[in-house]
Amino acid sequence: MLLEPRGAADQRVTLVLDLDETLVRSSFDTNFDADFEAPFNLNGSWCTARVRKRPFVDEFLARVADKFEVVIMTAGVRPYASLVLDLLDTGRVLGPRFYRESCTKTANGLLVKDLSRMNRDLKRTIIVDNSPNAYLWHPEHAIDVVDFVGDPEDDELKTIADFLDVIHDVDDVRQHVAHWRSGGSYELPPNARADAPNRAALAKEAKAAGN
């Protein structure tokens, strides 16, 4: 398992975020218009990635970190991705990070992010990723964000943040994530949060017991 077990006091939905083409766009082209540069060493050679942040990414991370357990899982190599995340996460709101070595490589070479290894209730686990290969085994958990290619008018993260505000405490995310493009106008079906009082009671009891 990738994550340690979580105490009953923490009843948040787990949100697994991709990095490249989801939160940022990187290029090694010196003419690429970037928000910051990330020099890193890979196999003894120095490279400099020029990184452009997706519009609204700072606000997005701050908002989701307030209501979700935020986990980063990227197929990027650790020397590159770790530095980019350090430079991106100015508010220090991100939780655990997992890199290429934590992805599962299939027989035909695909890198899959196996949510069953997160050690969390799958009914309350969401992945936000631009690559269908990444959520190949868990499509019903996926917010299938489009590739960020550098468009300054891109508003995908704003739409997703508004949608996540609505569903942050539902009983089963799989019944809702396909509707993410509705953003904040998404209306929860009746009983979508039927078990929320029980979760709140468990959390309160655990906190009182110091767990």
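In this predicted model, strand 1 (residues 14-17) runs parallel to strand 9, and the two are paired over 4 bridges. Within this pairing, Val16 lies opposite Ile127 of strand 9. Strand 9 also pairs with strand 10 (residues 142-143), again in the parallel sense, over 2 bridges. Here Ile127 has Ala142 as its bridge partner in strand 10.

Strand 9 is covered on both faces. In a regular strand, side chains alternate between the two faces of the sheet. On one side of strand 9 are Thr125 and Ile127, on the other Ile126 and Val128, and all of these are buried.

The loop that precedes strand 9 comes next. Asp114 sits in this loop, between strand 8 (111-112) and strand 9 (125-128). What is the nearest side chain of opposite charge to the buried Asp114? It is Arg117, 5.3 Å away, and Asp114 has no salt bridge. A salt bridge requires a side-chain nitrogen of Lys or Arg within 4 Å of a carboxyl oxygen, so a distance of this kind has to be compared with that cut-off. The side chain of Asp114 does make a polar contact, at 3.3 Å, with the side chain of His138. Beyond its neighbours within four places in sequence, Asp114 is in contact with Thr104, Trp137 and His138.

A second acidic residue, Asp20, is located in the loop that links strand 1 and strand 2. Asp20 has a relative accessible area of 16% and is therefore buried, the limit being under 20%. Leaving out residues up to four places away in sequence, Asp20 touches Ser26, Thr74, Tyr80 and Asn130. With one of them, Tyr80, Asp20 shares a side-chain polar contact of 2.5 Å. Between Asp20 and Ala194 there are 36 Å in space, C-alpha to C-alpha, and the two are 174 residues apart in sequence.

Past this loop, strand 2 belongs to an open sheet of 3 strands, ordered 2-4-3 with antiparallel pairing. Strand 2 (24-27) and strand 3 (36-42) each have a single partner strand and stand at the edges, so one side of each lacks a neighbour in the sheet. From one strand to the next, the twist averages 35 degrees. Strand 2 and strand 4 (residues 45-53) are joined by 4 bridges in the antiparallel sense, and Val24 is opposite Lys53 of strand 4. Helix 2 (residues 78-88) packs on this sheet and touches strand 2, strand 3 and strand 4. The direction of helix 2 makes about 155 degrees with that of strand 3.

Methods
Residues are numbered from 1 along each chain as its sequence is written. This is a predicted model: local features need pLDDT of at least 70, side-chain atom pairs count only at pLDDT 80 or more; totals for chains, interfaces and linings use all residues. Side-chain values use heavy atoms; hydrogens and water are left out. Buried means under 20% relative accessible area, exposed over 50%, partly exposed in between (1.4 Å probe, protein chains only). Lys and Arg count as positive and Asp and Glu as negative; His and the chain ends are not counted. A polar contact is a pair of N or O atoms within 3.5 Å; within protein, one must be able to donate a hydrogen and the other to accept it, and residues adjacent in sequence count only if both atoms are side-chain atoms. Contact means heavy atoms within 4.5 Å. Two strands pair if DSSP finds at least two bridges between them. Axes are lines fitted to C-alpha atoms, for helices over the stretch in contact, and angles run from 0 to 180 degrees between N-to-C directions.
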